[in-house]
Number of protein chains: 2
Amino acid sequence: MKVLLVEDDQFHASYMEDVLVESLPEVTQIFHAVNGLEAEREARVMAIDAVVMDLRMSQRNGIEAAQTLWQERADTRILFWSNYADEAYLRGISAIVPEDSAYGYLLKTAPRDRLKLALRAVLVEGQIMVDREIHRLQRRTASPRNTLDDSEFAVLVDLGLGLQDRMIAERRGMSLRTVQNRLLSLYDKLGVEDATDGDTPINKRVRALNRALVTRTLNVETLETAERDFEQWQAGRA
Amino acid sequence: MKVLLVEDDQFHASYMEDVLVESLPEVTQIFHAVNGLEAEREARVMAIDAVVMDLRMSQRNGIEAAQTLWQERADTRILFWSNYADEAYLRGISAIVPEDSAYGYLLKTAPRDRLKLALRAVLVEGQIMVDREIHRLQRRTASPRNTLDDSEFAVLVDLGLGLQDRMIAERRGMSLRTVQNRLLSLYDKLGVEDATDGDTPINKRVRALNRALVTRTLNVETLETAERDFEQWQAGRA
DNA sequence: AGGTCTGTTGCGGGTTCCCGCAACAACTCT
DNA sequence: AGAGTTGTTGCGGGAACCCGCAACAGACCT
């Protein structure tokens, strides 16, 4: 069994390599890449179907690389291994994981045996495994029932790009007023409160983006890839 | 000489400890903290004046902790050691570094001898030292002469919090129109372009925040601490 | 002193945004 | 079937925003 390890931090990389050889005797070869582009090349050339993937990397981040890997080979098993419990990452991953594949999401702070367990569960057994820490974080925030549904999230991303209501409506195929309704519920769920009392009045749009970032509903990587998606969408209609 | 090492990643911490004992024989004791709060306590109790500080940590980030340390003891020497070449961090640091102190900013990707050099220069010799990588990144962006001056940056931060023009004007002691002029030049320098041709119209305010984040002029930590500063400012005037 | 440059401020108007109100469709429950 | 719930859409108005125009002050140069 060949494993591709995608990780730009040398300490984490050598630790992971260590754990890999210790816990998975099935592994015969370990390849190495330090960013998404290298990962895609390596996986293609070496016909890899088991990957341990860091998320935040220069050049091309883990989610984008994973998307390519899965396009070329839908049964690739990928364990994402990240420093951050951002809801944005998990959302990005579940949006692209193919039907018949396996993945896992583990925090780098996870203890060694949990890491071993996850490696076996995902890479060998082909299970889905998500660090409990992330689900926990996903639920806890201020206002009640604050989980965004997919269409709300889509509008949030477009808002974050700086698009105007009309353009969002066009892109997502809703009416202008519907977009604004989505924004309303976004403001609600993200805790964007207008100062009804003597408090500070705010710019809701910017505030929504601020809140989304601070609560880790959105992160900068997500914005960057969303930008590319948008440009692509825009190019494909002239 | 006592050194306080503030770092939440165990691998990086043990690596740094290693380099410390190898390169600085004057070091007699190394204390350890995993977040800003612990760092403040430890520094106070142990009377520390030399610190190696990670930036991104839970609880309380490195810049906030440094501010406290410098308030209590203005000659503390701090080497910031970070994964990120964000202009935002450097700006946050230079805003709080006292007259008669020394600091350094080094990336974690720096090779071992540069690290040794920085440790000696900052902690022992009391020099200022900034990784060249960061200055380089600071200059390269799209539009010409795009370095923000302090007042532009202040407005940018307030914008990022979601404040309205009127409130920014009040807080920064400018007229409303002046704030808007600052915004104008911000839009220019950040490359926020309205679609004069048949292109996509945008919401400039949100777009400005987006650009600032993507170019690493601003980061989420900055927004979080700015939020606290703002609340404090607001509380101090009833 | 005269001239230019840069930064601040007021005014006014066009645009976008926020959102209450109301009509309507689809779906659920009794 | 009737009543209530939820999501979509149009209309309209008040607030905030973007910004051109112009007046003015201070700094610097000749």
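Biologist: How many residue pairs in polar contact does the rule find across the interface of chain A and chain B?

Modeller: This is a predicted model, and for such pairs both residues must be at pLDDT 80 or more. Among the ionic interactions at this interface, the rule finds six salt bridges, and one of these joins Glu221(A) to Arg216(B), with the closest N and O atoms 3.8 Å apart. For polar contacts across the interface of chain A and chain B, the number of residue pairs is 15.

Biologist: Which elements of chain A give two or more residues to the side that touches chain B?

Modeller: By class, that side of chain A has 16 nonpolar, eight polar and nine charged residues. The elements of chain A that give two or more residues to it are α1 (10–23), α7 (150–161), α10 and α11 (220–235).

Biologist: What area is buried between chain A and chain B, and which three residues supply the most of what chain A buries?

Modeller: The contact takes 33 residues from chain A and 33 residues from chain B. The buried area is about 3100 Å², with carbon and sulfur atoms giving 54% of it. On the side of chain A, 18% of the area buried against chain B, more than any other three residues supply, comes from Phe11(A), Thr200(A) and Val206(A).

Biologist: Within chain A, what area is buried between domain 1 and domain 2?

Modeller: Chain A is divided into domain 1 (2–139) and domain 2 (150–235), and the centres of these two domains, taken over C-alpha atoms, are separated by 29 Å. Eight residues of domain 1 are in contact with 10 residues of domain 2. Carbon and sulfur atoms give 45% of the area buried between these domains, which is about 840 Å².

Biologist: Which residues of domain 1 of chain A lose the most area to domain 2 of chain A, and which helix gives the most residues to that side?

Modeller: Glu64(A), Ala88(A) and Arg91(A) lose the most area, together 50% of what the side of domain 1 buries. By class, this side has two nonpolar, one polar and five charged residues. Four residues of the side come from the helix that gives the most to it, namely α4 (residues 87–96) of chain A.

Biologist: Which residue forms a salt bridge with Glu221(A) where the two domains of chain A meet?

Modeller: Across the interface of domain 1 and domain 2 of chain A the rule finds three salt bridges, and the count of residue pairs in polar contact there is six. Glu221(A), which also forms a salt bridge with Arg216(B), has its closest N and O atoms 3.5 Å apart in the salt bridge with Arg56(A).

Biologist: Which element gives the largest share of the surface near DNA strand C?

Modeller: DNA strand C is surrounded by 17 residues, and the closest are Arg177(A), Lys204(A), Thr178(B), Asn181(B) and Arg182(B). By class, the surface has four nonpolar, six polar and seven charged residues. Five residues, the largest share, come from α9(A).

Biologist: Which polar side chain lies 2.3 Å from a phosphate oxygen of DNA strand C?

Modeller: Of the atoms of DNA strand C within 4 Å of the protein, 64% belong to sugar or phosphate and the rest to bases. On the base side, an N or O atom in the side chain of Arg177(A) is 2.8 Å from a base oxygen, while a polar side-chain atom of Arg177(B) lies 3.2 Å from a base nitrogen. At the phosphate oxygen, the polar side-chain atom 2.3 Å away belongs to Thr178(B).

Key. Residues numbered from 1 in each chain as written. Chains lettered and ligands numbered in written order. Predicted model: local features only at pLDDT ≥ 70, side-chain atom pairs only at ≥ 80, totals over all residues. Heavy atoms only, no water. Near = heavy atom within 4 Å. Polar contact = N/O pair within 3.5 Å; in protein donor to acceptor, adjacent residues only side chain to side chain. Nonpolar A, V, L, I, M, F, W, Y, C, P; charged D, E, K, R; others polar. Domains from an automatic or database assignment. Contact = heavy atoms within 4.5 Å. Buried area = accessible area lost by both parts, 1.4 Å probe. Salt bridge = Lys/Arg side-chain N within 4 Å of Asp/Glu carboxyl O.
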